[in-house]
Amino acid sequence: MTIAIEIGKGGLGAGRACPAACNPKHPLPERRMASRQEDRVTTASVTAVRSVDLAVQDLEAAKAFFTRAWHLQPVADEGGIAFFRASGPCFHVLSLRASASGPALLRINLQAADRSDVTALYDRVCALGQPTDGTPRALHGPGGGFGFGFRDPEGRNFAVVCDVADHRDSAVAADRPTKISHVNLNCRDNDASFAVLSALGFKLSDQTRQFRFIRCNSDHHSLVLGFNDNTNLNHIAFEMPNLEAVMRGIGRMRDHGHGVEWGPGRHGPGNNVFAYFCGPEEMPLEYTGEMQQVDDSYQIRKPEDWRWPPGRLDHWGITPGPSARVKKAQALYQFTDDGYRLEG
Ligand SMILES: [Fe+2]
């Protein structure tokens, strides 16, 4: 498998002048400074999946669900957009707004370390020819920040941000999600999607017959790219503190009329425990926990390395596979056409 992106090549962008580091006419200190900047261009990477922004038809019902059943906490409500945090530091992990045209996924928000890295990643996106909503800039919505939005080759919307006013009171709570664990995306052209995300620093952890699992930090995966016939959302996974919290979450969801659609179980790639649900407006959701922690010494395994015995789809094998309902839900949510244009 060859990835046709050379990380760092995109840093100059079309029409930019050659940097001082490669021009002997520039004095040495300036060349050294430019060299450090080039190092940053080369090493800049997304460091986390921060949050997802969604549209729903019944905003009040969805707000009630994510507060009472899913156990997120409202943190801001501005311009008709409701923001929810988990127990971790991210200002928000989920936002909801009303849409008469039906539920949809607006965008996935990615973290970068600082403004220099955001700008380096912007240059890479531009070099790949992907549409953006303009140069990185200060953002003025709740939480603020600095960043830009872009579309990927299959029409998904992303933002890359830093300097968001994150919370200082993060603390693990026994029955609340801590953060976004991962987002699973259906792909028609998995190679094209993977190429762009590789340029942003994502690395392959494992590949099965159905999925590429890719990481941007020590979590085994923060995004999953499917091999499918559509480019819609497969599911959004929220990390719970441990197996006990996942099990209690299953019970709480059942209390609120959302029975588990697959699980509990323990996945192969990532070794994380899981439970899948259909949330409001059939939103495909997962509680997960105990994600495998990896580093660059991790050995990538291939589809032939991931084979289950007949009748098995996970390590435990205590429940049947995904329900027909959740399988259908895992292709319902499309990205909006303009969700890469950031508010504020
Ligand atoms: Fe998942």
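Helices and strands are named here from DSSP runs, numbered from the N terminus, and in that scheme Val-56 lies in strand β1. The model is a predicted one, and the strand that holds Val-56 offers a convenient way into it.

Strand β1 covers residues 48–56 and is joined to strand β4, residues 94–98, by 5 bridges, the two strands running parallel. Within this pair, Val-56 stands opposite Ala-98 of β4. Helix α2, residues 59–69, packs on the sheet and touches β1, β2, β3 and β4, with a direction that makes about 160 degrees with that of β4. The surroundings of Val-56 can be described in some detail. Since a residue is called buried when 20 or more other C-beta atoms lie within 10 Å of its own, Val-56, with 23 such atoms, is buried. Leaving aside residues up to four places away in sequence, Val-56 touches Ala-62, Leu-96, Ala-98, Ser-99 and Pro-103, and also Pro-280 and Glu-281. One of these contacts, Ser-99, is 43 residues from Val-56 in sequence, yet the two C-alpha atoms are 5.5 Å apart in space.

The sheet to which β1 belongs is open and has 8 strands, in the order β2-β3-β4-β1-β5-β8-β7-β6, with mixed pairing. Its edge strands are β2 (73–78) and β6 (137–138), each of which pairs on one side only. Strands of a sheet pair through backbone hydrogen bonds, either parallel or antiparallel. At one end of the order, β2 and β3 pair in the antiparallel sense over 5 bridges, and Glu-78 stands opposite Ile-81 in β3. These two strands form a hairpin with 2 residues between them, and Gly-79 in the turn has a positive phi of about 60 degrees.

Elsewhere on this sheet, the subject becomes helix α3. This helix, residues 115–127, has 13 residues and reaches 18 Å from its first C-alpha to its last, close to the 18 Å expected at 1.5 Å a residue. Because 10 of its 13 residues are buried, α3 is largely enclosed by the rest of the structure; the buried residues are Asp-117, Val-118, Thr-119, Ala-120, Leu-121, Tyr-122, Asp-123, Arg-124, Val-125 and Cys-126. After α3 comes Gly-129, whose phi is positive, near 80 degrees.

Leu-121 of this helix also appears in the description of the largest nonpolar core, which has 84 residues and in which Leu-121, Val-160 and Leu-223 touch the most other members. The contacts of Val-160, not counting residues up to four places away in sequence, are Val-46, Leu-110, Ala-112, Val-118, Leu-121, Gly-147 and Phe-148, and Val-118 and Leu-121 among them are buried residues of α3.

A further open sheet is built from 8 strands in the order β10-β11-β12-β9-β13-β16-β15-β14, again with mixed pairing. Strands β10 (203–207) and β14 stand at its edges, each with a single partner strand, so one side of each is left without a neighbour in the sheet. From one strand to the next, the twist averages 20 degrees. Helix α4, residues 190–199, lies across β11 (211–215) and β12 (223–226) and runs at about 155 degrees to β12. At the β14 edge, β14 and β15 (residues 273–278) pair in the antiparallel sense over 3 bridges, with Gly-265 opposite Phe-274 in β15.

Two loop residues complete the picture. Val-260 is placed in the loop between α5 (243–255) and β14 (262–266), and it counts as buried because 21 C-beta neighbours lie inside 10 Å. Apart from residues up to four places away in sequence, Val-260 touches Ile-250, Met-253, Ala-275, Tyr-276 and Phe-277. Cys-278 is 18 residues from Val-260 in sequence and 8.0 Å from it in space, C-alpha to C-alpha.

Ile-300, by contrast, is placed in the loop between β16 (284–289) and α6 (324–329), and with 12 C-beta neighbours inside 10 Å it counts as exposed. Its contacts, under the sequence exclusion of up to four places, are Leu-204, Ser-205 and Asp-206. Leu-204 is 96 residues away from Ile-300 in sequence but 7.1 Å away in space, C-alpha to C-alpha.

How values were computed: Residues are numbered from 1 along each chain as its sequence is written. This is a predicted model: local features need pLDDT of at least 70, side-chain atom pairs count only at pLDDT 80 or more; totals for chains, interfaces and linings use all residues. Helices (H or I, at least four residues) and strands (E, at least two) are DSSP runs, numbered from the N terminus. The expected span of a helix is 1.5 Å times one less than its number of residues. Two residues are in contact if their C-beta atoms, placed from the backbone, lie within 7 Å. A nonpolar core is a set of buried Ala, Val, Leu, Ile, Met, Phe, Trp, Tyr and Cys residues joined through C-beta atoms within 7 Å. Two strands pair if DSSP finds at least two bridges between them. Axes are lines fitted to C-alpha atoms, for helices over the stretch in contact, and angles run from 0 to 180 degrees between N-to-C directions.
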